[in-house]
Amino acid sequence: MIRTAIVGTGGIAGACHVPALRAQAHRAEIVAVVDADALRAEEFAAEHGVPAVHTDLHAMLREQRPDLVHLCTPPFLHADQAVACLEAGAWVWCEKPVALSLTGLDRIRAAEGPARAGAVFQHRYDTGARHLRDLIAAGTLGRPLVAQCVTAWYRDDTYYEVPWRGTWEREGGGPTLGHGIHQMDLMLAVLGAWAEVRAMAGRLERDVRTEDVSTALVRFENGALATVVNSVLSPREESYLRFDLTGATVELRHLYGYSNADWTFTPRSPGPAWDPPDDLPSSHTAQLAAFLDDYEAGVRPDLGRPTMELVTALYKAALTGWPVRRGEIDVTDPFHASLHGGRPEVFR
C-alpha cells in the first residue's frame, strides 16, 4: 500500500486530490495531512478520515515517512517543499506551477534519487486527447497546420486579495503561468516541440504586479503555427483548443475539465472517423492512476519542463519584444531564474 500525505488543505486538495486517491484505494492510502493552520488541518482530517495531522512538513516526513506526498500549497512553496520530500525519500506529485522558474524546476530534478517528482497536468489524460495524439502519430488526420489555444477566464479583484496572488515573488507570474498553463500543456502534448515564440502581455485591469493577459504566436518544429491567449479578464469564460490539420479540424471547448462530449471533429472529406475507444474525462483521478503506475514501475514521471520552457519563452518575448527560440534560455539567461527576467517594473 502506498502511504500518501497531502500538504495544503485548500480547495484543490479536497475537491480533486482526495477523490483521486479514493479511486486508487486498492493501492494508496492517505496517512497524514499538513497545513500551517492547525484548525483547518484538523477539520480536513476529520472530514476525510485522515489519521495524522501536522502543521510542519519536516516533522510529518520524519514521523510518518510517507511514500508519496501531494503538494497542494501556494506556488512559492513548491520547490522547497518538493526538495524536502525528495530528500526524505518520498515521491512528489505537485500542483502547477511546480516551480516559479526553470532554475527552481531544475533544482527539484537535481534532488531526485530513488524518489521522483511529477507535475499535475491532468488535461493530457482524457480519452479524447490520447486518441487525437494517436491519430496524428499514425498520420490518419494528415499534417498539423494551424492551432488556437485560448484560456479566457475571469478572476475579479476579490480573487487577488489572497496575499500570494498577483505577485512575481509568490505566484511567479499571472495567467500565463497560473491559468493558461494547462491548455498550453495540452497543445504541446498534441503538436510536439515548439520552435519560436513572439508575444505581448499587459496589466490592463487588475491591481496586480504581474500581467492579467498575454497573447502569443508560436511556431512548432513541424511547421504548424498557433495563437495563444491567456486572460483573467473574460466575463464569458471558456477554455478552447482548435487543431486544423490537412485532413480534419478537431476542437475542444470546456472550462476546467472535459470528456468526449466536449470534442468536435470535422473531417475535410469522408474518411477518418472520431471514435475514442472509451470515455475517461480529464481529471486528477485519471492522471493519478498513471502516476501511481510510474511509481510502482520506478519510472520518472513528467515534471512538465517543455511546458515551463514555453511559458518562460512567452514571458521573455513579451517583456523584451524579441522573438525567442527554443533552447536559447539557458542558466546564464536572467529569465531562467525568474519569469520577469529581472525587469518586473515593465508592468508597473
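How many bridges join strand β12 to β13, and do the two run parallel or antiparallel? Five bridges join them, and the strands run antiparallel. The model described here is predicted.

## The eight-stranded sheet

Strand β12 covers residues 248–254. Where β12 meets β13, Ala-248 stands opposite Pro-267. Both strands belong to an open sheet of eight. Its order is β13-β12-β11-β7-β10-β9-β8-β14, and the pairing is mixed. The edges are β13 (263–267) and β14 (324–325). Each has a single partner strand, so one side of each lacks a neighbour in the sheet.

## Helices on the eight-stranded sheet

Return to the pair β12 and β13, joined by five bridges. Helix α6, residues 127–138, packs on this sheet. It touches β7 (144–154), β11 (233–245), β12 and β13. The direction of α6 makes about 25° with that of β13.

Helix α8, residues 181–191, packs on the sheet too. Its contacts are β7, β8 (194–202), β9 (213–220), β10 (225–231), β11 and β12. The direction of α8 makes about 165° with that of β7.

## The six-stranded sheet

Another open sheet has six strands, in the order β3-β2-β1-β4-β5-β6. Here the pairing is parallel. Which strands stand at the edges? They are β3 (52–54) and β6 (117–119). Each has a single partner strand, so one side of each is left without a neighbour in the sheet. From one strand to the next, the twist averages 25°.

Within this sheet, β1 (residues 2–7) pairs with β2 (residues 28–34). Six bridges link them in the parallel sense. Arg-3 stands opposite Glu-29 in β2.

## Helices on the six-stranded sheet

Helix α2, residues 38–48, packs on the sheet and touches β1, β2 and β3. Its direction makes about 160° with that of β3.

Helix α9, residues 284–297, also packs on the sheet. It touches β1, β2, β4 (68–71), β5 (91–94) and β6. The direction of α9 makes about 160° with that of β5.

## The nonpolar core

In soluble globular proteins, nonpolar side chains tend to be buried together. The largest nonpolar core in this model holds 99 residues. Which members touch the most others? They are Ile-108, Met-187 and Val-197. Helix α10, residues 305–320, supplies the largest share of this core, nine residues.

Leaving aside residues up to four places away in sequence, Ile-108 touches Ala-79, Ala-82, Val-83, Leu-86, Val-98, Ala-99, Ala-117 and Leu-303.

Key. Residues are numbered from 1 along each chain as its sequence is written. This is a predicted model: local features need pLDDT of at least 70, side-chain atom pairs count only at pLDDT 80 or more; totals for chains, interfaces and linings use all residues. Side-chain values use heavy atoms; hydrogens and water are left out. Two strands pair if DSSP finds at least two bridges between them. Helices (H or I, at least four residues) and strands (E, at least two) are DSSP runs, numbered from the N terminus. Contact means heavy atoms within 4.5 Å. Axes are lines fitted to C-alpha atoms, for helices over the stretch in contact, and angles run from 0 to 180 degrees between N-to-C directions. A nonpolar core is a set of buried Ala, Val, Leu, Ile, Met, Phe, Trp, Tyr and Cys residues joined through side-chain atoms within 4.5 Å. Buried means under 20% relative accessible area, exposed over 50%, partly exposed in between (1.4 Å probe, protein chains only).
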